[in-house]
Amino acid sequence: PTIVRNPNHFIDLQDCQSLPPMQMLCGGIASVRGNQGSGVTIGGLELIDIDTMSAVHQLPIAITSTTGAMLTRNPVFLSSDGDGLLLMAAPDDSPTRLYTYRLTPAD
């Protein structure tokens with residue numbers, strides 16, 4: 001195994017799935033705190049080139065669950081079909097709900 005340091009500081013990656021050809025899609029969150037203790041948490045998806053271990057595309061996601069957890073806090077999965085993309089996420093700890101979003105191309 002080779003250790004490659006992440007040069008990006010967009011999100012801390014939670015989990016990844018492989019995508020052809022030689023890419024992986026990762027989801028995660030980042031919490032940014034100010035000196036007064038207040039802060040903000042952001043979520044996002046990152047498409048990574050496996051050969052170079054560099055980000056191809058980064059997408060912030062600000063959707064939260066009914067408990068306030070960022071959608072990409074825990075496992076996310078993306079699939080595609082003829083109608084577009086289907087994003088599935090289970091952001092909360094036990095118990096959780098499965099959130100699904102269909103992303104369709106604009107006409």
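Which residue in strand 2 is the bridge partner of S18? In this predicted model, the partner of S18 is M24. That single bridge is a convenient way into the fold, and the description below starts from the chain as a whole before returning to the strands one by one.

The protein chain has 107 residues, of which 30% count as buried. Its secondary structure consists of seven strands and zero helices, so a walk along the sequence gives the pattern β-β-β-β-β-β-β, each strand being a DSSP run numbered from the N terminus. Along the principal axes, the C-alpha atoms fill a box of roughly 45 × 35 × 30 Å. The chain exposes about 7,200 Å², and carbon and sulfur atoms supply 56% of that area. Among contacts between residues at least 6 apart in sequence, 32% join residues at least 24 apart.

Four of the strands build an open sheet in the order 1-2-3-4, with antiparallel pairing. Strand 1 and strand 4 are the edge strands of this sheet, each pairing on one side only. On average, neighbouring strands of the sheet are turned by 20° against each other, direction ignored.

The pairing can be followed from strand 1 onwards. Strand 1 covers residues 12–19 and strand 2 covers residues 23–33; the two run antiparallel and are joined by seven bridges. Together they form a hairpin with three residues between them. The bridge between S18 and M24, met at the start, belongs to this pair of strands. Strand 2 also pairs with strand 3, residues 39–49, again in the antiparallel sense and over 11 bridges. Two of the partnerships can be named here: R33 has G39 of strand 3 as its bridge partner, while G27 is matched with L45 of strand 3. Strand 2 and strand 3 likewise form a hairpin, this time with five residues between them, and G37 in the turn has a positive phi of about 90°.

The loops hold some backbone geometry worth a visit. As background, most residues other than glycine have a negative phi, and most peptide bonds are trans. In the loop between strand 1 and strand 2, two departures from this background sit side by side in the sequence. The peptide bond joining P20 and P21 is cis, with omega at about -15°, and P21 is placed in that loop. M22 is found in the loop between strand 1 and strand 2 as well, and its phi is positive, about 55°, although M22 is not a glycine. M22 is partly exposed, with a relative accessible area of 44%.

A second residue of this kind appears further along. M53 lies in the loop between strand 3 and strand 4, the latter spanning 54–61. Its phi is near 55°, again a positive value in a residue other than glycine. M53 is partly exposed, at a relative accessible area of 32%. A cis peptide bond is also present between S94 and P95, where omega is near -10°. P95 belongs to the loop between strand 6 (84–89) and strand 7 (99–103).

On the surface, V32, V40 and I42 make a nonpolar patch of about 230 Å². One of these residues, V40, is placed in strand 3. V40 has a relative accessibility of 47% and therefore counts as partly exposed.

T72 offers a contrasting setting. Where does this residue lie, and is T72 buried or exposed? T72 is found in the loop between strand 4 and strand 5 (76–81). With a relative accessibility of 1%, T72 counts as buried, because that value is under 20%. Leaving aside residues up to four places away in sequence, T72 touches Q14, G27, G28, I29, G43, G44, L45 and I61. Among these contacts are G27 and L45, the two residues already named as bridge partners. T72 can also be placed relative to the surface patch: T72 and V32 are 40 residues apart in sequence and 16 Å apart in space, C-alpha to C-alpha, and V32 is one of the patch residues.

How values were computed
Residues are numbered from 1 along each chain as its sequence is written. This is a predicted model: local features need pLDDT of at least 70, side-chain atom pairs count only at pLDDT 80 or more; totals for chains, interfaces and linings use all residues. Side-chain values use heavy atoms; hydrogens and water are left out. Two strands pair if DSSP finds at least two bridges between them. Buried means under 20% relative accessible area, exposed over 50%, partly exposed in between (1.4 Å probe, protein chains only). Axes are lines fitted to C-alpha atoms, for helices over the stretch in contact, and angles run from 0 to 180 degrees between N-to-C directions. Patches are made of residues with over 30% relative accessible area and no salt bridge: like charges are joined within 9 Å, nonpolar side chains (Val, Leu, Ile, Met, Phe, Trp, Tyr) within 5 Å. Accessible areas come from the Shrake-Rupley method with a 1.4 Å probe; for residues, only the protein chains shown count as cover. A salt bridge is a side-chain nitrogen of Lys or Arg within 4 Å of a carboxyl oxygen of Asp or Glu. Contact means heavy atoms within 4.5 Å.
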